[in-house]
Each structure stands twice: as C-alpha cells, then as structure tokens.
Protein chains: 4
Amino acid sequence: MSELLPVAVLGARGRMGAEAVAAVREAPDLELVAALGSSDPLDSLVAAGARVVVDLTVPEATYDNVVFAVRHRMHAVVGTTGWTPERLGKLGTVLAGAPATGVLIAPNFALGSVLATAFAATAARYFESVEIIELHHPDKIDAPSGTAVRTAQLIATAREAAGVPAAPDATRDAPDGARGAGIDGVPVHSVRLRGLTAHQEVLFGSPGEQLSLRHDSFDRASFMPGVLLGIRSVAQHPGLTVGLDGYLDLQAGTSS
Amino acid sequence: MSELLPVAVLGARGRMGAEAVAAVREAPDLELVAALGSSDPLDSLVAAGARVVVDLTVPEATYDNVVFAVRHRMHAVVGTTGWTPERLGKLGTVLAGAPATGVLIAPNFALGSVLATAFAATAARYFESVEIIELHHPDKIDAPSGTAVRTAQLIATAREAAGVPAAPDATRDAPDGARGAGIDGVPVHSVRLRGLTAHQEVLFGSPGEQLSLRHDSFDRASFMPGVLLGIRSVAQHPGLTVGLDGYLDLQAGTSS
Amino acid sequence: MSELLPVAVLGARGRMGAEAVAAVREAPDLELVAALGSSDPLDSLVAAGARVVVDLTVPEATYDNVVFAVRHRMHAVVGTTGWTPERLGKLGTVLAGAPATGVLIAPNFALGSVLATAFAATAARYFESVEIIELHHPDKIDAPSGTAVRTAQLIATAREAAGVPAAPDATRDAPDGARGAGIDGVPVHSVRLRGLTAHQEVLFGSPGEQLSLRHDSFDRASFMPGVLLGIRSVAQHPGLTVGLDGYLDLQAGTSS
Amino acid sequence: MSELLPVAVLGARGRMGAEAVAAVREAPDLELVAALGSSDPLDSLVAAGARVVVDLTVPEATYDNVVFAVRHRMHAVVGTTGWTPERLGKLGTVLAGAPATGVLIAPNFALGSVLATAFAATAARYFESVEIIELHHPDKIDAPSGTAVRTAQLIATAREAAGVPAAPDATRDAPDGARGAGIDGVPVHSVRLRGLTAHQEVLFGSPGEQLSLRHDSFDRASFMPGVLLGIRSVAQHPGLTVGLDGYLDLQAGTSS
C-alpha cells in the first residue's frame, strides 16, 4: 500500500490557503500535517514531518518561508507574488546546497490558463494575425490584465524569433481605443462586464481560417487542480522552476 | 395558380446586382423582367412591366432611379447608400402623390445582422453592462464598423430612455485603447484578423449572467434572403420605410 | 418624495428566498415588510401591509399562498413550480373577483435567458437552419434541459406558422447521438462539463451568415433582477401573466 | 542571393491542385517547374528538375507518384487520401533506399486545425471533462466529421495513458442523441447549419474553469500555408512523416 505524502499549508487562513487546506484534505494520496497562519512559528513544520510546503502567504513572508523549507529539505510549492529577480537569485544559491529539493513558484495555478498561454506561444509563429480579448468583472482596476500582457509578450517574442512580419492592418480612421492597446505590437482588448469573473480569448487568423484559444475562470476553485499537480510533482523537479508549465507535458505525443 | 411578381434589377452588373439577378431568377415566385446597367435607359422598366424595382446602383444615381419608379407606381427596394435627410425628405413628397406605392431603403440586408441589432436595442435596458466587439478582415480601413457604431447608438438611446445608469467600470490604469472606443458611452472593440469577413458580438452582463448576441457574415450571399424578403413585402408597406427591421415581425408571440 | 413599495417574501429560508430577501432589502424603492418560512401563518401578511407577495416556496404550498394573496388584494410574483393547467384555471376564477390584482407566474427569472428565448422565437422564421446547444454542470440528471426543450418547441411552432421547411441535412451515416436529440424537429445537443453552471446557445444559419444567441447563467444571483422587475411591474399587469416575457418590452423601437 | 526551390504540382487541374499552383507561383522563394494533370507522364518531372513534388491527385494514383518521386530523389508532400497501412509499409521500404529523401503525408494541411488537434491531445490529461462540438454545412453526409473522430481518439488515448477516470455525467434521463455520439468515451456533437463551412470546438472543464479550443475553416485557402510549410520543410525531414504536426514545433519555449 502506498504511503500518503505529508503536506503543510502556510497562509492557511487566507482565501486561497483555506481552499488549499480543503483540497489537500480531500486528496486520497495526500495528508495534511500542518496548516499555519501568518504568525505561527515555522518550527512546527519540522515536527509535523512535512515533505511538501505550500506557500500561499504574502509577499513579505514568502521568501523566508521558502528558504526555511529548503534548508530543512522540504519541497515548496509557491503561489505568493513578490518574487523579484534578486530574490530568485538568492533562492537559487540556497537551492544549490540542497540539490535534491524542488521549488515551484507559479504566478498562476489555473491549468487551463497556463495551457492556453503555452498554446498561444506555440501557435504564434504560424498565423498572419493575432489579437487578444480579455474579459473581467467591472471591479477590476487595471486593464489589460496581467495575464493578457504576459500572453501578448510571449506571442510577440515567438513571432519575432520566427521572423513573422507585423499583422496586416489597413485601418486608417479609428477613434481612440477602437483598435485596442498595442502590447509589443499585439492588440489587446479589455472588456469589463458585470457577471463575469476572468476570461481570455486569443484569436489567430490566416487566409481562410481562424484558431481561437479561450480560457474561462469562473472561481477560485480553478486553482486547486494546479496546486495539487504541483504538490505531487515537485519532488521530481529538483531545483527552481518558475511557472506551472514547467511541470506540464506540452508535447503532444501522437500524430494527427 | 399564383402569378409571378415581375422584378427589375438596376445596377445589375455590379457585384451585389449580379447576386440579386441570380437570386431573383432562382426564386420560384419571382420573374426577372429587366436587369439594367448604369447607362441603360429607365424607360425599359415600364415596357417590361416591372412591379418591383431593386436599386443596387451608386449614390449618384439612386435618387433619380427611385423617383422614376415611384412616379410609375412601381415599388422600390434600395440597397444603395447616399440617402441624405434632404433626399429622404424630397422622396417623401414624391411618395405622398403615390399613396399605394412602397419604398424600402435598407443600409443592411443581412437578416441576421438586422435581427441582432434589433435584439440588442431591445435587451439594452435590462442589463448593467454592455460592450461591443466587431471583427473584420484586415483590409477594412475604418474602425469601428458602421454597424457597430449604429448598434452602440441604438443601445445608448435605449438605455437613456429607460434611465439605466452608466455601466460600472473601476478601471483606473489602462494604456491607450485597452478599454475600446467609447461610442455614446458604449465601449466598442475592433478586431482585424486575416481569414475573417464581417462579424459582431454584443455582450450584455448583469449579476450572475451574460447575454451574447453574435452575427457572422461569411459572404455576400447573406444579403440575398433580405433582398428577397424586401421584394416580396414592399407592396404591403406603402410609403417610405428605412431599415429592413421595419418589415420584420420582431414581437415574439409566445410566452416562455 | 415617493413612497416605498411594501413587499413580503414567502419561502424566505430557502436559497432563492434568502436571495430575494436580500435583494428586496437592498432595493431603494422597496420595503421588506415580511419574510415568512413555510410554517409561518399567512395572516401576518395582512398586518404587515404587504402590497406585493413574492412566492418562492414549494409546489405543495404555492397555490394556497397565491389565492390568499389575491383574496386580500395583494399582487403576487411566483417563482415556484407545480402550476398545472387545472390550478391555473382555478386561479383565473379567483382573479376574476379581483380585477385590479396581478399575478405573475414565471418559470424563469433570469432576464437574459427569457430574452434569449424570446429572440430565438422571433428569429426562427427567418433562417434555413437552427440547432440548440445547451451546456450544464455534470451533476444534472436530465438532458436536454427544460429551457432547451421549451426553446425548441417555440422555434418549431414559429417555423411551422411561417411555413419554413425542415432544415437541410444530408447526413446519411451517423452513429447514435451525433446529430443530437430531435425536439419537434430541432436538433438539441446537451454538453455536461465540470466547471459550468447553465448555458445555452441557439444557432441560426442561412446562406453566408450565422446568428448565435447565447445565454450564460453563472449563479443564482442572475434571477434577482427579474424578480425585482416582477415586483415593480406586477401592479401594472392585472390578471394572470405566465412568463416574465409578458412584462418585457420586446419590440425594438428604432430602425437600424 | 538564395536560389529558388524547384517545385512540381501533380493533380494541378483539381481544386486543391489549382490552389497549390497559385500558392507556389506567389511564393517568393519557390519556383513552379511543372504542373501536371492526371494523364501527364511523370518523366517530365525529371527534365523539369523538381526538388519537391506536391501530390494532390487521387487515391488510385498517389502511391505510384510518390514512389516515382522517391526513386528520383525528389521529396514529396502528399495531401491525397488512400494511404493504407500496407501502402505506408511498402513506401517505407522504398524510402530505406533513399535515406536523404523526405515524404510528408498529411490528411489535413490547415495549420489551425492541426494545432488545435495537437493542443487537445496535450490538454486531455489535465481536465475532468471533455466534449467535442463540430459544426459543418448541411450538405455533409457523414457525422461526426473525420477530424472530430480522430480528435476524440487522441484525447481518449491521452486520458487513458494518464489514468484519468471517465468524465462525470449524472444524466439519467435523455432522449436518443441528446448527449451526442460517444467516440472512445468522448461525447461528440455534430451541428449542421447552412452558412457554415467546417468548424470544431473542443471543450475541457474542471472545477471553476473551462478551456475551449476552436478552429474555423472558412475556405480551401486555409490549406495553403500548411502546404507551403510542408514544401519548405520536407528536405529537413528525411524518411516518412505522417501528419503535418510532425513538422511543427509544438513545445512552447517560454515559461508563463
């Protein structure tokens, strides 16, 4: 009979943390051995025997949490933001001293969103035209969304690397905003609509055909399958991985 | 056995005209009695016994063509642009002398597009949020499309008449264009993509729900059902009608 | 200064009832004067001075509740199911004795869904082809959904009334189910997908064009705007109205 | 200055062949050196100096054409159907004697469709639920489409390999066809609508999220970018490749 994997959740009283606690509890192959709030001492992780630490805390705390985990040879799965290049560099040094330990830092745990972004980067070089439409609830204060900006940048990089010329556009006469925001040359359109949560569509066009990649995020539950995948896979990926796509098998195996 | 309706097409050598000639020829209840080019004399319409004249010519010619038809008690179905308020007024005077004669001037004969616009105007008052996305081939020189602008104006008018407040939008930080062009307060986003023809989507949102009205125009054939509907209905609508929606039964009869 | 409209909610402890209580409380023009559970006596409605009674109870209770309301000259807005033709007939008799009192019985309060169904019935006669795709969470036990069946029936009735022939379909070779369930001749396809709530798309096609009417219901909140519209409008609709569409202005006012 | 690549098209008078002739003529890096009809002798390919032969003929002719090309050390790009496992095996033997020569046999040259299928196979293992909707013009005689069947099979294979359990489905009560055709356990829904050409949507669902991969094929022009990619790449892929995806770089290079 296979053993359960002992998991600890940090930031367990936040909204994401509480979801993660529930998801770990429900998973038949995982055992929740600790669920710490922001002021709880980290030492209890050692006593609890955690093998994987899930950090869903705050930017101020996440670096110290992860370093503590690595020093105690626990793997870490991190959804907290605030990882500057400098912090990533310092973490790399710490990890060099623990070559069997893995850390996953993921800005986005929604598998569908991660896959859609990866697919968009792959498809980018094969089409004349590409535009992004992102749709969110109207209480969002920034436009375009961070995911849309990152997707546009990846697409622009892939097109440039493949020598794809600028998308055709004969527009001569447009009032401000009709053609969207140009992010690295990719038009991005931001829709704000009551009733929606977080949605994104990448449209690719070539003569006679269109490819549309759409992701709909309806609620926070969408992050949990990605968190669980991270927990289960982190031990097989020693060192630092940034982005959940690093854990996904993105190469379709079969010819069509 | 019912008689065939004698129809004449003006502008028969243009692209739309040629489609109309073919459509009339194929219709089992219509008879094509004349197909005139731009320099052919109108007198032949009388000899041919046309009852309905379809004008698909050019802005310079359409007014004289329609006045000729009305003076000879022929109904007219007009797809040509260039009808200024002044011309419409003068035509009204001519029509006053021919009270049984009907003229339909329609900027758009695609039934699906006309219905989508009418539905959007109806739905407008019932939702918190509304935005328009129009998508066209990249050789189009204007953005937003004329249909999108007209749809936005109808929506804005309907919302104002019903006292609907401005759509919620917490956006504070957006680069130029991310939130689209504001047409009478309705955000309109214009996508230009190789492979597309002419497409429009109106998105309505309220707490917990979204209503999407989408029309796809794949080719010019989409105008013919509307032209035929105009030809068959114009005799039942004496006087001047602007817009094909004036000939449609837009009141759903049945409770749901 | 305008007076508040006194409203009572029956079934206030159910999920829909609790939402309605909250919605009435938040509405600046309404006053919640009673919120009764299933075992509370109806007499308190009179003492409370309710002008509109919202019934969100159970099929066993709704008839008696509504008759009580009508006899006390209170208007009623009813979301409970279980209204057989026989019950509707008896209620009609009771209403005949209260000619100024209105009752709205609505199987569906989601404005977007009601509008989409009405639009589908209107568009039905103008297209060669029509099919319905409904998409729901995988815990739903019936397929197609009730809304899809009703939509298909309305479409079929409208097409028959307008003499539209059967939609073209050259399919000769299809495994069981590929072409959907035929509801009154309209193919209906039922998708069951984890993550979804309740969604429906009606697709109309003619040469060169497609019209798509889509409604997404993301959560129960989508019913509240319709309930509030019913509460505010019922006094202007004496007698019995079945279906929220009876309260909507479905005639677009403006030519396009 | 770089040399032009000499290309021959077989089946040049068919519809696909004529498109290919035009596409090769317009490509600045290719030179059309032969355009043969079905009864033209193959010997002229040698005299013309073709380096790549594009076969868009008929199932009866394609095998001999390709073997002729390989024996003369010309690469071949094949869009003709009729390649049985037996023929593929025999071709493999011929190719063993020409180790530097490449042959691409592709059932589908639409890049968007090939990418969508590959992405669907990749995403398959990461979601609880998956269904396919394919939409075509109503003159199509088979349902589901061949592409939909192949996509379903690839998805089913990927899910099985990853140990994903059957998609949840509580449906107890469904008339024939509502839940689609089960292809290797994946529900496939076939819509037939006047106005459409060839479209496919793969829907993936997990708690709180949906991923939709949609491809629209509007006309035959959509095959030409894939044919050109095949012509330009075949020399770098000696041996036999089945499926255009074998020439695509499907591994997104960048973390998200």
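Is His136(A) buried or exposed? At 9% relative accessibility, His136(A) counts as buried, the cut-off being under 20%. The legends below describe close-up views of a predicted model.

**Figure 1. Surroundings of His136(A) and Lys140(A), annotated as active site in an unreviewed UniProt entry.**
His136(A) lies in strand β6 (residues 129–136) of chain A. Lys140(A) is found in the loop between β6 and α6 (146–161) of chain A. With 16% relative accessibility, Lys140(A) also falls under the 20% limit and therefore counts as buried. Leaving aside neighbours within four places in sequence, His136(A) is in contact with Ser145(A), Val191(A), Arg192(A), Leu193(A), Leu196(A), Thr197(A), Ala198(A) and His199(A). With the same neighbours left out, the contacts of Lys140(A) are Ser145(A), Arg192(A), Ala170(B) and Thr171(B). Ser145(A) and Arg192(A) thus appear in the contacts of His136(A) and in those of Lys140(A).

**Figure 2. Strand β6 of chain A and the strands it pairs with.**
Eight of the eight residues of β6(A) are buried, and the strand is mostly covered. One side carries Ser129(A), Glu131(A), Ile133(A) and Leu135(A), the other Val130(A), Ile132(A), Glu134(A) and His136(A); both faces are covered. Strand β9 (residues 198–206) of chain A runs antiparallel to β6(A) and is joined to it by eight bridges. Within this pairing, Glu134(A) has Gln200(A) of β9(A) as its bridge partner. Strand β8 (residues 186–192) of chain A runs parallel to β6(A), with five bridges between them. Here Leu135(A) is the bridge partner of Val191(A) in β8(A). Val191(A) is also among the contacts of His136(A).

**Figure 3. Domains of chain A and the span of an annotated domain.**
The domain assignment divides chain A into domain 1 (5–105 + 221–247) and domain 2 (111–218). The centres of the two domains, taken over C-alpha atoms, are separated by 31 Å. From UniProt, an unreviewed entry gives the annotation "domain: Dihydrodipicolinate reductase C-terminal" for residues 113–244 of chain A. The C-alpha atoms at the ends of residues 113–244 of chain A lie 10 Å apart. This span is 28% helix and 30% strand.

**Figure 4. The parallel six-stranded sheet of chain D.**
The sheet is open, and its strands follow the order β2-β1-β3-β4-β5-β11. Strands β2 (30–36) and β11 (239–242) of chain D form the edges, each pairing on one side only. From one strand to the next, the twist averages 20 degrees. Strand β1 (residues 5–10) and strand β3 (residues 52–55) of chain D run parallel and are joined by four bridges. One bridge partnership is that of Ala8(D) with Val53(D) in β3(D). Helix α4 (residues 85–96) of chain D packs on the sheet and touches β5 (102–105) and β11 of chain D. The direction of α4(D) makes about 150 degrees with that of β11(D).

**Figure 5. Helix α7 of chain D and its buried residues.**
Helix α7 (residues 224–233) of chain D has 10 residues, of which eight are buried, so the helix is largely enclosed by the rest of the structure. The buried residues are Met224(D), Gly226(D), Val227(D), Leu228(D), Leu229(D), Gly230(D), Ile231(D) and Ser233(D).

**Figure 6. Two aromatic pairs, one tilted and one stacked.**
Over all chains, the structure holds 12 aromatic pairs. In one of them, the rings of Tyr63(B) and Trp83(B) have centres 5.9 Å apart and planes at 55 degrees; the angle lies between the limits of 30 and 60 degrees, so the pair is tilted. Tyr63(B) belongs to helix α3 (residues 59–71) of chain B, while Trp83(B) sits in the loop between β4 (75–78) and α4 (85–96) of chain B, so the pair ties together parts that are 20 residues apart in sequence. Tyr63(B) and Trp83(B) are both buried. A second view shows Phe119(B) and Phe119(C), a stacked pair with 4.3 Å centre to centre and 5 degrees between the planes. Phe119(B) lies in helix α5 (residues 111–123) of chain B and Phe119(C) in helix α5 (residues 111–123) of chain C, so this pair joins two chains. Phe119(B) and Phe119(C) are both buried.

Methods:
Residues are numbered from 1 along each chain as its sequence is written. Chains are lettered from A and ligands numbered from 1 in the order in which they are written. This is a predicted model: local features need pLDDT of at least 70, side-chain atom pairs count only at pLDDT 80 or more; totals for chains, interfaces and linings use all residues. Side-chain values use heavy atoms; hydrogens and water are left out. Rings of Phe, Tyr and Trp (its six-membered ring) pair if their centres lie within 6.5 Å; planes under 30 degrees apart count as stacked, over 60 as edge-to-face and the rest as tilted. Buried means under 20% relative accessible area, exposed over 50%, partly exposed in between (1.4 Å probe, protein chains only). Domain bounds come from an automatic or database domain assignment. Two strands pair if DSSP finds at least two bridges between them. Axes are lines fitted to C-alpha atoms, for helices over the stretch in contact, and angles run from 0 to 180 degrees between N-to-C directions. Contact means heavy atoms within 4.5 Å. UniProt positions are given in the numbering used here, feature names are shortened, and annotations may be inferred rather than shown by experiment.
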